[in-house]
Amino acid sequence: MLDYKRRHARQIIVTAVTGKREDGKKIISAIIVPAEAPGVAISCHYDKMGVRASNTCQIVLDNVRVPKENLLGDSKKGFSQFLFTLDGGRISIAALAVGIAQAAFEKALAYAKERKQFGQSISNFQAIQFKLADIATEIELARTLVYKAAWLKDQGRPFGKEAAMAKLFASETGFRASSQAIQIHGGSGYMGEYEVERHLRDAKLLEIGEGTSEIQRLVIARHIGC
Ligand SMILES: Cc1cc2nc3c(=O)[nH]c(=O)nc-3n(C[C@H](O)[C@H](O)[C@H](O)COP(=O)(O)OP(=O)(O)OC[C@H]3O[C@@H](n4cnc5c(N)ncnc54)[C@H](O)[C@@H]3O)c2cc1C
């Protein structure tokens with residue numbers, strides 16, 4: 001068990017079922033729970049594949065009680081508040097993915113120019129050039145999607161579909177770009193010192209967090225009227 005004051009947020013936002021509507025549907029509320037409230041247990045024991053600089057913890061709530069004032073926003077709209085937060089978070093995850101893809105691309109380009117095989121830089125081989133061209137094109141597209149979703153949000157316009165598209169495309173671009181960057185590095189790419197393997201491990205989480213790629217496709221399908 002780690003000291004929450006040093007390692008964790010002091011306040012946790014929990015969404016929980018707090019009642020039932022007349023039509024039988026559940027009411028979900030957002031509740032602020034102080035990390036030091038009696039009954040809150042936080043433990044960090046996960047051995048993560050990537051994104052190791054960010055800690056991920058298990059939170060167990062055992063008969064935790066907080067005052068009514070800790071209800072966040074509209075007590076009957078916790079679920080829609082949560083979905084709105086997720087929509088915004090998707091733009092951030094997409095931006096993270098663009099950053100990883102860009103880093104992988106830059107390392108792959110530099111390595112391709114430096115590495116000589118058969119008497120020349122491997123960047124002279126069309127097979128390598130095409131990989132780099134594909135990565136560069138996908139990054140350009142992913143970045144444009146992120147900017148569009150962020151711009152719509154800033155304008156106060158609907159952005160759920162664009163955020164899901166940006167998150168889906170950018171996270172999958174991040175993974176593909178990292179994988180191709182390893183390929184361009186050959187055996188060296190598999191080694192920790194060139195860092196492109198870390199980009200692949202970090203990029204994988206972005207296809208899972210803030211709604212998996214499958215869920216993004218479901219969200220987009222709903223938006224396009226399926
Ligand atoms: C280190 C870490 C940090 C994370 N941080 C965050 C975060 O900050 N915010 C956040 O939102 N999430 C975050 N996540 C993701 C979140 O915790 C869940 O892992 C994620 O929502 C998927 O849920 P699950 O793991 O229960 O998988 P499951 O729901 O069991 O899904 C398993 C598989 O089934 C698929 N699946 C499930 N339901 C459907 C369906 N209806 N249709 C089609 N396919 C489906 C999934 O896409 C997936 O491929 C994080 C995950 C990790 C590992």
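## Ligand surroundings

In this predicted model, the ligand is surrounded by Lys48, Thr56, Leu205, Ile208, Gly209, Glu210, Thr212, Glu214, Ile215 and Leu218. By residue class, this shell comprises four nonpolar, three polar and three charged residues.

Helix 6, which spans residues 213-223, supplies the largest share of the shell around the ligand, with three residues.

## Domain arrangement

The domain assignment divides the chain into domain 1, covering 4-72, and domain 2, covering 78-223. Taken over C-alpha atoms, the centres of domain 1 and domain 2 are separated by 30 Å. Seven residues from domain 1 and nine residues from domain 2 take part in the contact.

On the side of domain 1 that touches domain 2, strand 2 (residues 26-34) gives the most, namely three residues. The residues on this side of domain 1 are divided into four nonpolar and three polar, with no charged residue among them.

## Lysine 68

Lysine 68 lies in the loop that runs between strand 4 (58-61) and strand 5 (71-72). Is this residue buried or exposed? Lysine 68 is exposed, because 7 other C-beta atoms lie within 10 Å, and a residue counts as exposed if that number is 12 or fewer.

Asparagine 55 offers a point of reference for the position of this lysine. Between lysine 68 and asparagine 55 there is a separation of 13 residues in sequence, and their C-alpha atoms are 30 Å apart in space.

Methods
Residues numbered from 1 in each chain as written. Predicted model: local features only at pLDDT ≥ 70, side-chain atom pairs only at ≥ 80, totals over all residues. Domains from an automatic or database assignment. Contact = placed C-beta atoms within 7 Å. Helix = DSSP H or I, 4+ residues; strand = E, 2+ residues; numbered from the N terminus. Nonpolar A, V, L, I, M, F, W, Y, C, P; charged D, E, K, R; others polar. Near = placed C-beta within 6 Å. Buried ≥ 20, exposed ≤ 12 C-beta atoms within 10 Å, placed from the backbone.
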